[in-house]
Amino acid sequence: MAFPSIQKMSLARREELAGYAFVIPWIIGFLVFTIGPMLASLYFSFTKYDIVTPPQWVGLDNYQKAFSGIWDAIRSGDPRQFGDPLFWKSLQVTLYYASLALPLNLIFSMFLAVLLNQKVPGVNVWRTIYFLPSIIAGVAVTLLWVRIFNPRLGILNPFLTNVFGIKSPPQWLGDPEWAVPALVIMSLWSVGGSMIIYLAGLQGVPTDLYDAAKVDGANAWQRFWNVTFPMMTPVIFYNLVLGMISTFQYFTQVYVATSNSLGGLGSPQHSTLFYNVYLYQNAFRYFDMGYASTLAWILFIIVLILTALIFRSSDVWVYYEGQLRGRG
Amino acid sequence: MKKITDYFRWLFNSGRGNELLSKSITTLILASGSILILIPFLFMITTSLKDPAQIRSDSMSMLPRKPKTAEVLGKDEPLYRVIFDGQTQELALIRKMPEGMGQFVEPTQPDIIHELKINDQKQLYRLDIHWENYPEAITAMPFWRYLGNTLIVTFVGMFGMLFSCSLVAYGFSRFRARWLNLLFLLLLSTIMLPSQVRLIPVYILFNKLGWVNSLLPLIIPQFFANAYDVFLLRQFFMTIPLELDDAAKIDGANPLQILMYIILPQARPALVSVGIFHFLYAWNDFYEPLIFLHTRENWTLAVGLQTFDAIYTINTHLIMAVSVLMIVPPILLFFFSQKIFTQGVVFSGIKG
Amino acid sequence: MKNKLFKLLALFAMASMVLAACSGDATEAPAEKQKVTILVGFGTGTDPDQVTAQEALAKKFNDSHDNITMEFLIVPNEEATERFLTMVSGGNAPQLVGPHGTSTIARFKEYWEDVTPYIEKDKYDFSDFYGPATTINTYPDLNAGIPLGIYPSFLFYNKDAFDAAGLDYPTHDYADTSWNIDALKETAMKLTLDANDKTPNDADFDPATIKQWGYADTWTDMRGQLTMFGAVDQGRPTTDDYKTATFNAPERLLGAQWIHDGVFKDHFIPDAAGQSAIDSTGADPFGSGQIAIWYSHTWFMSEGLNDLPFEYELAPLFYNQNGERIARIHADMFTMVKSADNKDAAWEVMKWLTDPEQIVDVCKIYGCLPARISTEAAYSDFLKERYPGIDYSVIFKAIDYLDSPHHEGWVPEWGKVNDALNNIQSILYTEPEADVQALLDQGNADLQKILDEYWASH
């Protein structure tokens with residue numbers, strides 16, 4: 001394809017083409033590696049596919065199965081009226097976990113990043129210590145914490161009883177009420193990962209802004225709220241969006257923690273039946289790849305909508321120093 | 001005494017006292033938090049040094065230990081510190097009786113039996129560190145081969161990722177174009193679909209390309225950017241003021257030059273973060289490698305670690321040992337890249 | 001600047017070329033040799049020392065066969081399913097899968113080749129195999145393979161615990177009908193100790209501090225645990241035609257109630273917290289010293305009986321409430337994959353592995369009892385050497401007992417059925433106030449729903 005002479009193009013047009021040119025590596029990769037499998041799974045969601053026999057088209061049956069019985073269940077208040085009660089249960093478990101893990105992770109990691117940004121002696125050592133947990137492979141972390149949470153033989157409950165005087169500490173992963181909070185605590189141990197993103201973000205806050213604030217007589221909290229926080233909003237935005245996406249797909253830790261326990265995946269009593277766990281069961285235990293793909297695409301839509309909402313809201317609260325104005 | 005109070009008064013009045021106070025408080029908070037962070041990690045290390053038999057029967061202990069025993073009539077019996085008749089002695093427990101009682105004897109005088117309540121006595125242990133768990137873990141699998149595979153995948157992938165993601169993030173952050181917003185949303189949407197349902201189609205794809213049973217499926221896609229790193233870099237690029245770009249444009253720089261000489265240097269903390277994250281992800285990833293890496297020769301460390309978690313036996317001590325070893329390179333990498341994080345960025349060139 | 005860019009691109013190009021050269025299999029088997037791949041990972045076989053032993057076994061085969069090469073493809077258990085499915089759908093299915101038991105064979109029933117034609121062609125003789133080994137994994141429409149090993153079940157008991165409680169050891173006589181469910185309960189209650197060494201028979205017994213339970217039947221699913229109580233369908237919670245759920249049969253209700261009482265009223269069976277406490281140490285329940293009598297199979301022996309800090313022995317399973325003894329049994333084999341090629345070669349390998357000459361060695365790797373009657377003496381010697389001083393007759397006599405229909409046998413939607421019933425199991429062991437009748441009825445209703453959905457589209 002012959003390009004018209006570059007000089008003849010307008011500045012704006014040149015900028016457009018340059019933009020696309022830089023994005024091309026991703027576009028190629030997308031077309032080769034990603035779009036095929038994604039469309040294949042979309043196709044599967046409209047079929048009955050048990051992997052050993054070829055897929056059979058069933059139209060919207062899978063989607064209908066997931067959403068059937070909504071009115072009956074709401075009217076009677078009985079979750080067993082749902083066409084697929086476990087679909088709704090898994091959504092509930094996932095949302096519960098997200099509502100705890102996301103805010104807590106955000107607050108803790110930012111708090112830590114601010115602390116670790118101070119010129120305290122040995123700060124390199126402190127940073128490495130807090131980062132340490134996120135380096136360990138997820139499987140090992142889960143196995144470690146399963147032992148720590150062990151209500152009879154682990155180290156957490158004796159610690160709670162002897163140090164804090166709590167007479168009967170919870171059964172953690174063995175108790176339907178405490179299983180998800182236990183997983184949240186486990187995730188907080190690895191908060192060092194998001195922490196260093198905030199740390200990197202803090203490096204980008206121009207120090208002359210702090211100087212100006214000090215001159216204006218701002219104290220530490222005011223400096224944080226009026227200088228640090230706004231300048232960090234791009235990174236907070238990143239952690240929020242990605243945190244939400246990954247929280248909704250939480251899987252490995254639950255799999256390692258519950259696949260060999262009494263009641264299997266999602267135990268006790270489905271309290272750890274996360275959405276992706278239920279999806280996995282449908283795909284690889286019940287050999288219902290069609291329904292699993294349906295579940296995947298339903299999740300996709302939910303996360304897409306939530307992400308779009310967060311993006312929309314970003315105009316209000318995210319501040320970019322180098323944001324382009326105008327179209328695009 | 002007055003001199004001391006004078007000193008403190010001077011400290012606080014000059015503002016240096018506030019700084020000292022805030023630093024001390026910060027250090028205190030960091031230190032107490034570190035203890036909480038490190039305890040599980042310490043547990044991991046001591047578990048890696050335990051005898052598998054101890055993991056079974058005495059797993060609550062933080063220390064690798066073994067019951068102290070003495071030989072009584074040809075058998076090894078556990079020793080207890082026993083107090084009776086006002087004396088403290090070390091006796092061996094040879095038999096457990098109903099009601100929690102036990103028969104204790106002195107190892108050299110097995111005929112004299114004292115019947116005492118077991119719970120009232122203290123069992124004796126000796127430290128029993130099994131350093132050989134580490135060589136055992138290393139020799140139980142082709143450790144060096146796996147390490148080599150892991151390093152190839154990690155570093156080549158990291159290079160490819162940094163290269164491609166810088167380009168793509170630059171495109172998404174510094175240019176006005178009609179479809180860029182939509183493309184960005186499309187980029188993000190690729191990570192919203194759970195990977196389990198793409199597993200089979202992806203496998204078939206790589207199979208058709210002939211890449212199954214090689215390290216290629218883990219490396220080549222990195223050269224085509226990925227949503228996580230592009231998103232992060234884009235956010236960082238957007239915090240860099242446009243004035244620098246404009247100045248360079250006036251000097252006649254083309255977009256690529258702006259990227260390489262203006263943007264990337266400013267974004268060093270972000271590039272380092274992204275590099276570290278990719279390193280960690282590739283270092284610990286086992287799910288997809290397991291599907292694509294056919295024969296054991298091609299496995300990475302993370303996959304090899306999985307073999308210790310078998311269906312009937314979990315070799316906890318070996319899993320912990322390998323996990324501890326696997327932490328070392330990322331830690332070193334992180335520790336030595338701290339410099340980049342401590343370099344604050346001061347936009348001295350913009351003022352005025 | 002252009003130089004830098006150029007250099008980068010050149011580096012990239014070189015790197016990818018180098019990698020492309022390194023990719024793929026380095027060795028190509030000669031055209032005439034047929035390749036047989038055995039996927040190991042659904043069951044045992046993934047431990048590092050087992051891997052080495054299997055490689056040696058493959059070498060032995062390859063050295064003695066000119067036209068077939070075989071290899072063991074080891075996959076960690078966590079991803080065996082995904083690996084198998086991707087290989088099958090990707091068109092390079094393994095020829096054989098194993099060793100695995102009834103549950104995996106039932107779960108993947110549509111994937112296996114029926115070896116009946118091969119048996120008839122070779123007029124293969126099954127008379128040397130123990131009866132249960134040949135029937136457990138055989139369905140009217142599928143004979144899944146040649147049996148490899150069996151795992152009879154019996155009780156493991158902790159002699160030191162019995163001594164400490166001043167009790168007589170249980171009988172080893174399979175004909176002694178006084179060793180029944182009530183005798184077990186009585187004995188187990190005396191063997192349960194709390195932190196102060198009180199038993200449930202004492203007034204001040206504290207269930208929250210139990211350090212040793214009298215009896216447990218863990219590492220089995222709900223179907224397995226209720227089998228011993230002798231419902232009409234034994235291990236299968238449906239009628240013969242698989243259309244009606246019979247999960248809440250009276251015998252199962254009695255069994256579930258017995259278990260529930262044993263956990264929450266008489267306290268001699270560990271509850272879910274107790275079980276997970278032991279399991280999450282990575283240890284087995286018996287070796288932890290916290291279970292005095294443990295019901296399990298021989299597959300436990302290969303790893304679990306090493307370096308036990310106490311003396312142990314074996315005893316027959318007790319008789320149930322109807323005076324019958326229904327002891328579960330497992331059987332392992334290699335199975336042939338329907339969609340793979342080189343099936344004739346796969347059949348040869350299957351025969352070789354279960355051949356009287358090899359079967360004992362193969363079983364030593366996987367810790368199973370060889371399924372051939374003629375190898376009983378050789379394997380006995382091995383057992384005497386490995387586990388000195390116990391009563392081996394208990395093991396071999398247990399082979400006479402089996403659960404039929406098997407507790408892991410095929411039902412429609414095997415995975416869904418098991419998950420539904422295991423959910424009931426988890427409630428049974430966690431809720432002290434559970435109404436067992438209602439629980440089983442709910443389980444039955446869930447099961448019926450799954451069956452109805454299945455039959456609506458088949």
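This briefing covers backbone geometry at selected residues of chains A and C in a predicted model. Most residues other than glycine have a negative phi, and most peptide bonds are trans. Set out below are cis peptide bonds in chain C, including the one from C:Gly98 to C:Pro99, and positive phi values, among them that of A:Phe287.

**Cis peptide bonds in chain C**

- C:Gly98 and C:Pro99 are joined by a cis peptide bond, and its omega is near -5 degrees.
- C:Pro99 is part of strand β3 of chain C, which covers residues 96-100.
- A cis peptide bond also runs from C:Ser404 to C:Pro405, with omega near 0 degrees.
- C:Pro405 sits in a loop of chain C, with α16 (392-397) before the loop and α17 (414-430) after it.

**Positive phi in chain A**

- A:Phe287 is a residue other than glycine with a positive phi, near 50 degrees.
- The loop that holds A:Phe287 joins α13 (275-285) to α14 (289-317) in chain A.
- A:Phe287 has a relative accessible area of 11%, so this residue counts as buried, the cut-off being under 20%.

**Positive phi in chain C**

- C:Gln234, again a residue other than glycine, has a positive phi near 45 degrees.
- In chain C, the loop between α9 (222-227) and α10 (250-264) contains C:Gln234.
- The relative accessible area of C:Gln234 is 15%, and C:Gln234 is therefore classed as buried.

Methods: Residues are numbered from 1 along each chain as its sequence is written. Chains are lettered from A and ligands numbered from 1 in the order in which they are written. This is a predicted model: local features need pLDDT of at least 70, side-chain atom pairs count only at pLDDT 80 or more; totals for chains, interfaces and linings use all residues. Side-chain values use heavy atoms; hydrogens and water are left out. Helices (H or I, at least four residues) and strands (E, at least two) are DSSP runs, numbered from the N terminus. Buried means under 20% relative accessible area, exposed over 50%, partly exposed in between (1.4 Å probe, protein chains only).
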